[in-house]
Each structure stands twice: as C-alpha cells, then as structure tokens.
Amino acid sequence: MEDHAEPEPVLLSKHAKNLLRFLNLLPARMASHDNTRSTIVFFAVCGLDVLNSLHLVPPQQRQDIIDWIYGGLVVPRDNEKNCGGFMGCRAMVPKTEDAALLECMRKYQWGHLAMTYTSIAVLVTLGDDLSRLDRRSIVDGVAAVQKAEGSFGACIDGSEDDMRFVYCAAAICHMLDYWGDVDKEAMYQFIMRSLRYDYGFSQELEGEAHGGTTFCALAALHLSGQLKRLDADTVERMKRWLIFRQMDGFQGRPNKPVDTCYSFWIGASLCILDGFELTDYAKNREYILSTQDKLIGGFAKWPQATPDPFHTYLGLCGLAFTGEPGLSAVNPSLNMSMAACVHLKHLHEQWHSRNGRGDDDTGLSSAAQQHLKLAKEPEAMTTATTTSTSPLIQAQ
C-alpha cells in the first residue's frame, strides 16, 4: 500500500517561543557573540515577524528594544572622522558620569556596517519611524569605509572588506533612501570582478564562488538599481549555478554538505533572478524540517545539531519562499518581511513629501518604490550589454 502519511508540520508556536527566549536571556554558550548582539536581536525580532508573532513581544519590551538599539547609535562630532552608524553592543558605552572616561571611550565608538544594517532593520520591523536617525551622518559613514576598488570595510578603523559589507552598505543606503557619496559605479565594478568562471560570486577578488556571497552580490545590485545591467545570458548562467546547489536542501559550494541557511542564501538569490520556481520545494522543505527541534523549537544547520537564532530565522525565510502556510512573505533583497517593507516604503514617502522632491543628492525618489518589488524588468536584461567573460557553455 502507498504511504499517504501527512507531511511533518512546521512547529510555528514552538519556533516563536524559541526566538522570544533569545530576546530575554542568552545562554552562556553565546557569550562570545556579545559584540554582535544586535544581529541576534535581528534574527529574533525578524523571525517573530515572519512567524506573524510580533504580538508576543509586549509593547513595553518592544519600546525597550527600540531604545536599546538607539543606544548604540554613533553620531560623529564636527572634529571627528566619519564613523556614523550603529555599534553591535554597548561595551563601549559605560554607565558613568566620569567625563574623562566617557571622552576616552569615545575614541572606540564607531559604526559597523553589519550592525548598522541589522539595527535599522530591527527598527523598521518594530514599526519605528526612524526619526532619531541622522540619515546623512550614517551614509557618510558608509561612504567613508568604501575602498578604492569599490568594496567596503566593516568599520572606519581597520577591518575586513569583502562582499558581505558591500551588501550591508547597499541595504543601509536603500533603507535610508539616500546614497550620498557612495560610489555605486565602483561598487558595481567590484561586484562584477568577483563573478567567477562558474557564474557564482566570490567573497573577494579571485576567491571561490559561494552561495552566501552570491546573495550579497545580487541583492546589492538589486538594491542599488543595477541588476538590470546584467545581460540575459549571464542571468541564465547564474541561475544554473544556483539551481545546481540543491541536493535535497541547498549547499553553499559544490561538494559541500547542505545547510539550512542556504535555503535562504540560494533561495533568495533565485527569487531576485526570478528563478526560484525551478527548485524542488518538497525536497527543500523536507531538509529544513529534518533540522527542526521538536522539543524546544528552532532550526539547526544540520539534523541532530543544536538550533540557533541564525538558522532558525533563515530556515523560516527559506520556507516562506515556498509559500509555507502561517508564514509571512519575505522580501529577498532586504531579508525582512514584506510587511516591514511596506512600513519602510511609507517612511520613504513621508521623507519625499517633506522635502518635496525626494533625495537632495541622489535623485532616487522615483526608484525607491521600484526597489521593493520582486518583479524585474526583463526587457532591460535582454537589451543590456554583455557581462559574460567566461567560455563556459550556455545554460540549457
């Protein structure tokens, strides 16, 4: 007889309770992540949003989270270098009235692109109006960490610089609807030089193509309005590389094991390129649920591994792309719910109406709404000049 067993359910309420716990108490094993605490808040808050469970966060706690996020905001003074943005924790903000100590600590306070991206995303998701932000100061901080070849460093005082921070820079500027002195052309050139022979993108120049990096590159192109510069042949080859990353779940590189998080990184990349429907939804779902903790909720990277907020959130997003019942739709480029994006669009419209003509320096007001749409302009892709540099055979 055929097996007609019901598919395993997604334990929505358990996942919500799991994420809620991370907003109240972090386990000792996560002490090493204290300097990136805002990213943990991002996974928890945005995960609850995708689960349609933000109502579980009481109003006072919601306000406390917003205030805590703003507590990490760095606004440089006139005599300081451009270091605006958000810090990832509050270790550099001591609770003291000692002016000398505060002035000393000031030298160690600067924005970090990843923490700035996640902090703004949390504020938007919680419905904040961003009125406490100096958008120009933050984007000046983004421009200050852009390298000559077009990539971005994480912060002003020495750090890594690679495709992850290219994405963070693009997401920050898009969310703030202001690009200031950011060189989008240099950013585009860096991204395209990182396109490898197999049509995935590498973390840095001359590196190996990687699923997470490919998402960062494609999302940055989309958010900066430059995805249409890719020609149709290149897009099809990118789709092929991405589709070949599916085993049952998705892997990040050839000959590597599958991992829950790549259901987002690869899935979102295919959504950006309008190719997600070419994947096997059932196999993807089956793998993600094999990492589901049925006792305490949450998803892990592999079956039988310990669940964590990172894989829980990205696993939920991967399921949302397949239309999983009970989950909110997710914007693949910004990595937040479509509901949060609607709020962001509303803020953009308010900013435009206040100054009467959108961004003073970039003229992006007419594009702000377009960037939040999943639909692309296929005619623009087919008429663009070729970006292919590899002799790799045409995608079938």
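In the predicted model, V10 is placed in the segment before helix α1, which spans residues 12–22. With a relative accessibility of 11%, V10 falls under the 20% limit and therefore counts as buried. Beyond the residues up to four places away in sequence, V10 touches H15, R285, L289, Q292, F299, L319 and E324. A further relation links V10 to L327: the two are 317 residues apart in sequence, whereas their C-alpha atoms are 9.9 Å apart in space.

The chain as a whole comprises 16 helices and six strands. Of its 396 residues, 55% are buried. Among the contacts with a separation of 6 or more, 71% are accounted for by residues 24 or more positions apart.

K239 provides a second case of a buried residue with contacts elsewhere in the sequence. K239 belongs to helix α10, residues 232–243, and its relative accessibility of 11% is under the 20% limit, so K239 is classed as buried. Outside the span of four places in sequence, K239 is in contact with L270, L273, D274 and G275. Between the C-alpha atoms of K239 and L278, which lie 39 residues apart along the chain, the separation is 9.1 Å.

S38 is located in helix α2. The relative accessible area of S38 is 0%, and S38 is therefore buried. When residues up to four places away in sequence are set aside, the contacts of S38 are with W68, M87, G88, M115, T118 and S119. T213, in helix α9, is likewise classed as buried, because its relative accessibility is 3%. Apart from neighbours within four places in sequence, T213 contacts M163, F201, S202 and Q203.

The packing of helix α7 (residues 163–176) against helix α14 (residues 338–355) was examined next. The two helices pack at an angle of about 60 degrees, and their axes are 9 Å apart. Because angles of 65 to 115 degrees are required for a roughly perpendicular arrangement and angles under 35 degrees for a roughly parallel one, α7 and α14 are described as oblique to each other. On the α7 side the contact is made by H174, M175 and L176, and on the α14 side by L344, H348 and W351. Four nonpolar and two polar residues form this contact, with no charged residues.

D177 is found in the loop between α7 and α8, the latter covering residues 184–193. Although D177 is a residue other than glycine, its phi is positive, near 55 degrees. D177 counts as buried because its relative accessibility is 3%. A positive phi, of about 70 degrees, is also found at E206, which is not a glycine. E206 is situated in the loop between α8 and α9. The relative accessible area of E206 is 67%, above the 50% limit, and E206 is therefore exposed.

Open and enclosed spaces were then considered. The largest pocket holds about 970 Å³ of space. Its lining is formed by 34 residues, of which T39, F43, R164, W265 and F310 lie nearest the centre of the pocket. Two or more lining residues are contributed by each of α2 (37–50), α5 (113–125), α7, α9 (211–223), α11 (262–272) and α13 (309–321). By class, this lining is made up of 18 nonpolar, 13 polar and three charged residues.

As for enclosed space, one cavity of 30 Å³ or more was counted. The largest cavity contains about 30 Å³ of space. Its lining consists of N82, C83, G84, G111, L113, G141, V145, A154, C155 and I156. Six of the residues lining the largest cavity are nonpolar and four are polar, while no charged residues take part.

Methods. Residues numbered from 1 in each chain as written. Predicted model: local features only at pLDDT ≥ 70, side-chain atom pairs only at ≥ 80, totals over all residues. Heavy atoms only, no water. Axes fitted to C-alpha atoms, helices over the stretch in contact; angles between N-to-C directions. Helix = DSSP H or I, 4+ residues; strand = E, 2+ residues; numbered from the N terminus. Parallel < 35°, antiparallel > 145°, perpendicular 65-115°, else oblique. Contact = heavy atoms within 4.5 Å. Nonpolar A, V, L, I, M, F, W, Y, C, P; charged D, E, K, R; others polar. 1 Å grid on protein atoms, 1.4 Å probe; cavity = no way out; pocket = protein on both sides within 12 Å on 5 of 7 lines; lining within 4 Å. Points joined across faces, edges and corners; volume = space filled by probe spheres on them. Buried < 20%, exposed > 50% of the residue type's maximum accessible area, 1.4 Å probe, protein only.
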